[in-house]
Amino acid sequence: SAPAPQRKSLASMVLPTATRLHLQAQTMETMKQLEPDDERYKEIPPRYHSIWPLDQTAKSRHTSGSFGYASAVFKVNGEDDGVTYA
C-alpha cells in the first residue's frame, strides 16, 4: 500500500517555511524571561514585567558609559500596552 500523504497545518500552507521559522524564533525570543525571584527585577520600574537580559554583563555589574554608572540592557514587556521594550 502507498504511504499516507503528509498532513499540512494551516501555518505551513499560508507562510513559506523560512518565514514561519523566523517568526517562531522571534516569538520564542520575545517570550524569554527570568525567574520571578531574580534580584534583577528590582532594577526595572513596576509597570514592566517579564525581563530578560540582552547583554552578557547583566549578571555581573560593570561601570560603563560617560557617567560611570553600572548599566545593563533588558527586554521588558509593558503592563499597560503589552509592547516589548529594550
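These notebook entries record what I looked up in a predicted model of one protein chain.

**Entry 1: the chain as a whole**

I began with the secondary structure and found 2 helices and 5 strands in the chain. Read from the N terminus, the elements follow the order α-α-β-β-β-β-β. I then looked up burial: of the 86 residues, 16% are buried. The accessible surface amounts to about 7,100 Å², and carbon and sulfur atoms account for 57% of that area. I also noted the contacts between residues at least 6 apart in sequence; 31% of these join residues at least 24 apart.

**Entry 2: the sheet**

I asked in which order the strands of the open sheet are arranged. The sheet has 3 strands in the order 1-4-5, and their pairing is antiparallel. Strands of a sheet pair through backbone hydrogen bonds, in either a parallel or an antiparallel manner.

Which strands stand at the edges? They are strand 1 (48-53) and strand 5 (84-85); each has a single partner strand, so one side of each lacks a neighbour in the sheet.

I next examined the pairing of strand 1 with strand 4, which covers residues 74-78. The two run antiparallel and are joined by 4 bridges. For a point to find in the structure, I recorded that Trp 52 stands opposite Lys 75 in strand 4.

**Entry 3: the salt bridges**

Side chains of opposite charge can pair when their charged atoms come close. I looked for such pairs and recorded 2 salt bridges.

One of them joins the side chains of Lys 32 and Glu 29, with an N to O distance of 3.1 Å. Lys 32 has a relative accessibility of 31% and therefore counts as partly exposed. Glu 29, at 44% relative accessibility, also counts as partly exposed.

Another joins Arg 40 to Asp 38, whose closest N and O atoms are 3.0 Å apart. Are these two residues buried or exposed? Arg 40 has a relative accessible area of 7%, so I entered this residue as buried, the cut-off being under 20%. Asp 38 is buried as well, with a relative accessible area of 13%.

**Entry 4: a nonpolar patch**

Finally, I turned to the surface and noted a nonpolar patch of about 490 Å². Leu 10, Met 13, Val 14, Leu 15 and Leu 23 make up this patch. Which element gives the patch its largest share? Helix 1 (residues 10-14) does, with 3 residues. Leu 10 lies in helix 1. With a relative accessible area of 63%, Leu 10 is exposed.

Conventions
Residues numbered from 1 in each chain as written. Predicted model: local features only at pLDDT ≥ 70, side-chain atom pairs only at ≥ 80, totals over all residues. Heavy atoms only, no water. Patch = residues over 30% accessible without salt bridge, like charges linked within 9 Å, V, L, I, M, F, W, Y side chains within 5 Å. Areas by Shrake-Rupley, 256 points an atom, 1.4 Å probe, with all protein chains shown as cover. Salt bridge = Lys/Arg side-chain N within 4 Å of Asp/Glu carboxyl O. Buried < 20%, exposed > 50% of the residue type's maximum accessible area, 1.4 Å probe, protein only. Pairing = 2+ DSSP bridges. Contact = heavy atoms within 4.5 Å.
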